[in-house]
There are 4 protein chains.
Amino acid sequence: MTSMFAQELDTPGPLASAPLSWRTTTRPEPGPGQLVIEVASCGVCRSNLHMVQGDWVAGGVPAISPIIPGHEVTGRVAALGAGVSDFAVGDPVGVQPVWWTCEECEFCTSGREQLCHRRIITGEHVNGGYAEFMLANAAHTYPVPAELDLIDAAPLFCPGITAYGAVEKAGIVPGQRVAVFGLGGVGHMAVQFARLAGGDVVAVGRNAEHLRVARELGASDAVDSTDPAQLAALEDSADVVLTFADADVVTAQALAALKWGGTLVAGVPLNVTGFHFNKAQTIKASILGNREQMRTVLALAASGKITTVVERFGMADAAHALDLLAAGRLSSRAVLHN
Amino acid sequence: MTSMFAQELDTPGPLASAPLSWRTTTRPEPGPGQLVIEVASCGVCRSNLHMVQGDWVAGGVPAISPIIPGHEVTGRVAALGAGVSDFAVGDPVGVQPVWWTCEECEFCTSGREQLCHRRIITGEHVNGGYAEFMLANAAHTYPVPAELDLIDAAPLFCPGITAYGAVEKAGIVPGQRVAVFGLGGVGHMAVQFARLAGGDVVAVGRNAEHLRVARELGASDAVDSTDPAQLAALEDSADVVLTFADADVVTAQALAALKWGGTLVAGVPLNVTGFHFNKAQTIKASILGNREQMRTVLALAASGKITTVVERFGMADAAHALDLLAAGRLSSRAVLHN
Amino acid sequence: MTSMFAQELDTPGPLASAPLSWRTTTRPEPGPGQLVIEVASCGVCRSNLHMVQGDWVAGGVPAISPIIPGHEVTGRVAALGAGVSDFAVGDPVGVQPVWWTCEECEFCTSGREQLCHRRIITGEHVNGGYAEFMLANAAHTYPVPAELDLIDAAPLFCPGITAYGAVEKAGIVPGQRVAVFGLGGVGHMAVQFARLAGGDVVAVGRNAEHLRVARELGASDAVDSTDPAQLAALEDSADVVLTFADADVVTAQALAALKWGGTLVAGVPLNVTGFHFNKAQTIKASILGNREQMRTVLALAASGKITTVVERFGMADAAHALDLLAAGRLSSRAVLHN
Amino acid sequence: MTSMFAQELDTPGPLASAPLSWRTTTRPEPGPGQLVIEVASCGVCRSNLHMVQGDWVAGGVPAISPIIPGHEVTGRVAALGAGVSDFAVGDPVGVQPVWWTCEECEFCTSGREQLCHRRIITGEHVNGGYAEFMLANAAHTYPVPAELDLIDAAPLFCPGITAYGAVEKAGIVPGQRVAVFGLGGVGHMAVQFARLAGGDVVAVGRNAEHLRVARELGASDAVDSTDPAQLAALEDSADVVLTFADADVVTAQALAALKWGGTLVAGVPLNVTGFHFNKAQTIKASILGNREQMRTVLALAASGKITTVVERFGMADAAHALDLLAAGRLSSRAVLHN
Ligand SMILES: [Zn+2]
Ligand SMILES: [Zn+2]
Ligand SMILES: [Zn+2]
Ligand SMILES: [Zn+2]
Ligand SMILES: [Zn+2]
Ligand SMILES: [Zn+2]
Ligand SMILES: [Zn+2]
Ligand SMILES: [Zn+2]
Ligand SMILES: [Zn+2]
Ligand SMILES: [Zn+2]
């Protein structure tokens, strides 16, 4: 049995307690229909932070102990289990948060597998990508196009598919005004997809650097949400609002920006006060996307129509990246690489 | 200048202060494009209660003083203004809350006229149907099919179109489970439309009589919402939820009943806590419908596929009907008739 | 190795040449993920007739020789292959035309598995249900609800899902006028689903018995298509048209009945002449449905909301049923039973 | 009564018979709700050619004699009729083919006014824009944004709205492959809108110059339809097909390019042979768009996201432009200007 290095979480707790350990553990072996990936890179998601800090213990996450976090993973195929014929050793591949689905429930058979009630989430129910190697199911492993750098590509597998899924749910028609709130890893992808869908994109946030990047990525306007006058001017102006900031004050701003009859899509939990039927608005919650959508995201990145913006950290340095994320000191997506 | 009797509101206030006066006032004359209706009947809407009690003064309703309330009105054409050729004196007609729209804004020109920012609402911005005669615009007056009784038909013009609009927004597919919360005048119409759309309807409420009526109108199941076990059994079971009860506790029950990926349509204001993106649900606010939808409601009623359930009161007796509505002592829609 | 009786086709040819042989052949054994069904009943589909007569030889159907036809099959589980845990011996089950799909292509991963380019069709690429036993894949085998008779239920697995898929594609809104052309096995199901979706259904055909049955199943009107006056009255009147008659003259009638802006859904091949952009109409071709839709059809039948209309024949008597179908002498769906 | 110069058609006939006369005629006066436009420019549409040549006499077009053709018109307000308050003399404005609609039918009240059965078409039922002045209805007159040149803007009012309407009907999702057939005035707009909606656009045609322009306007690929190998490579590859070429051979190519489950939108009449339900494809006919869509087209042009490509001719030179159009010798849209 071969070993590998990995970031393991024994017991969730405050970052100050150093809950992650970079240590030697058993390297996984592929079962039937599975493969082992030699990890190139893994994005650092806010949900990793939630799990590591113990925010989700009551919800049963992490489901195992120790666990290796990380669910936006790229790498190369290192070993193939029985019956896997679509991949060869050395192939560049990636895995997203959906690690396994039942293939038979109402969600799995109608193109909404990410809602499968028996779904297994990468790095939450099983080991993830903060490691040298990771176990994956062939059915949920994606070829990474040759045009893409494996480290830059990692965030496509969570922020990328999240943003794409939200934009597709929004049903943007060319010429519509689209306001994007929450300009982190997901928001920066959403700006690009909304622009790509023909939207006239206004990025909204309180961080000047995030706004600057949003403009570079295609936003035609940027609104500083700390300026009441700018916020007031935004009211009742957006056909579509996309929000990725988990804060009630932002949710209120986002809904105020939405036109009557408009659609808000959220990739975060929401508390909504005084949502009035009079305005005939729609709120859609969105999570990830299905396999076909994931492949589209990869193809769009390969064609250069969307891109990721990353800050690189060594895999051993995961704690540092999580510290910066918690402190709000990242201006783009952190990725850990081997 | 001819006179008429009407219920006039000088100053909104508690029902106990008798804010409505049944008194003689000026009978309206039709301007160009308008007509005068001799009122047969007017439904008593909870929004009338809100206006009369003064709940909406801050929002500018009523817009005039005195005002005649009432916005679900039937009657017969009594006089025609210049240029009105689609109606003749004596024709049975009806008017809904949308009394006038601008015909040129983005909402008016895309089949969503009820969202027109310049819309004029019957009985809130101009005089309504708690009277012997009412002024209407030909463009927003509807022929009432001969098959319908004018008194029974009145609620089609507000609960009917509200329920139809909500059901159409829900996009029900035959075989879907549809839970209806809030079994008053609108809820009873919604049960019927949801059934008509192929839904397997479960009616939810705390009033046994309302549940009994819902079953008669096509609900295949009825859930007593005061019974925790029945509510628990309802959780995560409905593909579609329709809610017409303006109460946070009901909103929470309604969302709990909604399946992952499902759609909730609300005809009331909502406060929503912890709406999680993980479940990929949709919330749609819905108000009334456009003219084409209103005509469909009338045709469906004429064919006998939907019906109203009413309690009749004399027009002079409006205060009594409002008292009963406020006290929760109506089991169906109150209608005032001349 | 056990044997069984089956209707085998060696070489397609005219019915007069008796291409089917009722003879002893090998009873199938289940491989991993498969099960063997003791057939109760199998519907007789026009596509069976096409294959048996050799109409589809150029298209590669039948793909094997000999082949056992039949793709709308019910029965009870007789044997389970390795890894099949969702079924037990004796369970009532059914199989539709989609016998296997790849589970990974863009169609399979987006809820449109019936379009999988690698799909295997029951009774065309592999043996079907004109037999005492049939091999099936657990992933494409459906529990038949206890409320249903296994013989009556067989047509749910082809006409049922075909009609349901077409009606769902049509997007019927309550109150719309729906014209159904082609009142055979599929058309009779479509009348019911269109009614169930809130449509005001007009059945159109030249066979008085078919029209009578359509009325019994919920059509509010019946149009004799041999009467020019009735056809003329139908023009430009239907919001939705559903057509299941493979004849250019019927297609022309169907399009003439469609309103401007309306949608026609076809479950048969079409030749269309002079389809004018001026009318902004939509034509959708529809085939079967996915697994989630198939389960909905079964649930609707179990609840009594839809029903099948069948004529029963012994399994040995397949040639007789095909003769009657070819001669247009069936007034409902023929089913073969053991 | 003032006079003006105009191109008048007395009797339709072959271009060689010089059916148009550039002559003095009565300048129109505005009635209530109308305005008179001093024409800056009018696009030369293939439908003008059809009318002038007499192709549509059987269909009742032209409806008056003499008639002034032309329905994609820009200019400045020259006179206002009673009750017109949204425009001032001198305002830059435009008119599209929809000159008047009834405002009350099912189409007018549901955002599909271009299907109104009582619609009046500019330059076919009433005088159009091949003139110095033109009469228009305020309700169907559009402000032209200041950023736009009035001559360049003319084709927005027919090819622009036609292409936009078709693209919106297609429901393009970012990343989809979109094939555009028929690269004339409309096709060149459609390439841009499809690209703007996130499509990966392949332009298909037999004219090298048209293909070159299409590439400049955003097509990522160009297919020479005279090359069988290129056409063969296109088969079953497009999620969406847009076709604007009125020729059966092109329609067949367009359908062959369409993927299973895909959608073809046509802005021309179609004859379709062997449209197979097996592929579950959709065909949508599309005509123009509503007022809200027209305004979006103008806003998109003002923002520089789409552009027109025109060849300019003096208004007196209409016959020359029509000659070139008939001969297939225009490489972009001809516009006549004063
Ligand atoms: Zn993530
Ligand atoms: Zn599942
Ligand atoms: Zn009301
Ligand atoms: Zn308006
Ligand atoms: Zn009383
Ligand atoms: Zn069949
Ligand atoms: Zn497949
Ligand atoms: Zn034109
Ligand atoms: Zn109209
Ligand atoms: Zn010239």
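How many salt bridges does the rule find across the interface of domain 1 of chain A and domain 2 of chain A? The count there is zero salt bridges, whereas between chain D and chain A the count is two. This is a predicted model, and the points below take up the two domains of chain A, then the contact of chain D with chain A, and then the relation between copies.

**Domains of chain A**

- The domain assignment divides chain A into domain 1, made up of 3–158 + 288–337, and domain 2, which covers 163–285; their centres, taken over C-alpha atoms, are separated by 27 Å.
- Domain 1 of chain A brings 14 residues to the contact and domain 2 of chain A brings 13 residues.
- About 1,200 Å² is buried between domain 1 of chain A and domain 2 of chain A, with carbon and sulfur atoms giving 67% of that area; of the part that domain 1 buries against domain 2, 34% is supplied by A:Gln293, A:Ile306 and A:Ser331, which is more than any other three residues supply.
- Although the rule finds zero salt bridges between these domains, three residue pairs are in polar contact across them, both residues being at pLDDT 80 or more.
- On the side of domain 1 of chain A that touches domain 2 of chain A, helix α8 (residues 291–302) gives the most, with four residues, and the residues of that side divide into seven nonpolar, five polar and two charged.

**Contact of chain D with chain A**

- Chain D and chain A each give 15 residues to their contact, and together they bury about 1,000 Å², 62% of it on carbon and sulfur atoms.
- Of the area that chain D buries against chain A, D:Pro174, D:Leu196 and D:Lys305 supply 41%, more than any other three residues.
- Two salt bridges are counted between chain D and chain A; D:Asp200 forms a salt bridge with A:Lys305, and their closest N and O atoms are 3.9 Å apart.
- Four residue pairs are in polar contact across the interface of chain D and chain A, again with both residues at pLDDT 80 or more.
- The elements of chain D that give two or more residues to the side touching chain A are α3 (159–170), α4 (185–196) and α8 (291–302), and the largest share, three residues, comes from α4(D).
- That side of chain D divides into seven nonpolar, four polar and four charged residues.

**Relation between copies**

- A turn of 180 degrees, with a shift of 0.0 Å along the axis, lays chain A on chain B with an RMSD of 0.0 Å, and that is the relation of a two-fold axis.
- Because 100% of the interface residues of chain A are also interface residues in chain B, the copies meet through the same surface.

Terms used
Residues are numbered from 1 along each chain as its sequence is written. Chains are lettered from A and ligands numbered from 1 in the order in which they are written. This is a predicted model: local features need pLDDT of at least 70, side-chain atom pairs count only at pLDDT 80 or more; totals for chains, interfaces and linings use all residues. Side-chain values use heavy atoms; hydrogens and water are left out. Contact means heavy atoms within 4.5 Å. Buried area is the accessible area (1.4 Å probe) that two parts lose on being put together, summed over both. A salt bridge is a side-chain nitrogen of Lys or Arg within 4 Å of a carboxyl oxygen of Asp or Glu. A polar contact is a pair of N or O atoms within 3.5 Å; within protein, one must be able to donate a hydrogen and the other to accept it, and residues adjacent in sequence count only if both atoms are side-chain atoms. Ala, Val, Leu, Ile, Met, Phe, Trp, Tyr, Cys and Pro count as nonpolar, Asp, Glu, Lys and Arg as charged, and the others, Gly among them, as polar. Copies are superposed by least squares on the C-alpha atoms of residues with pLDDT of at least 70 in both. Domain bounds come from an automatic or database domain assignment.
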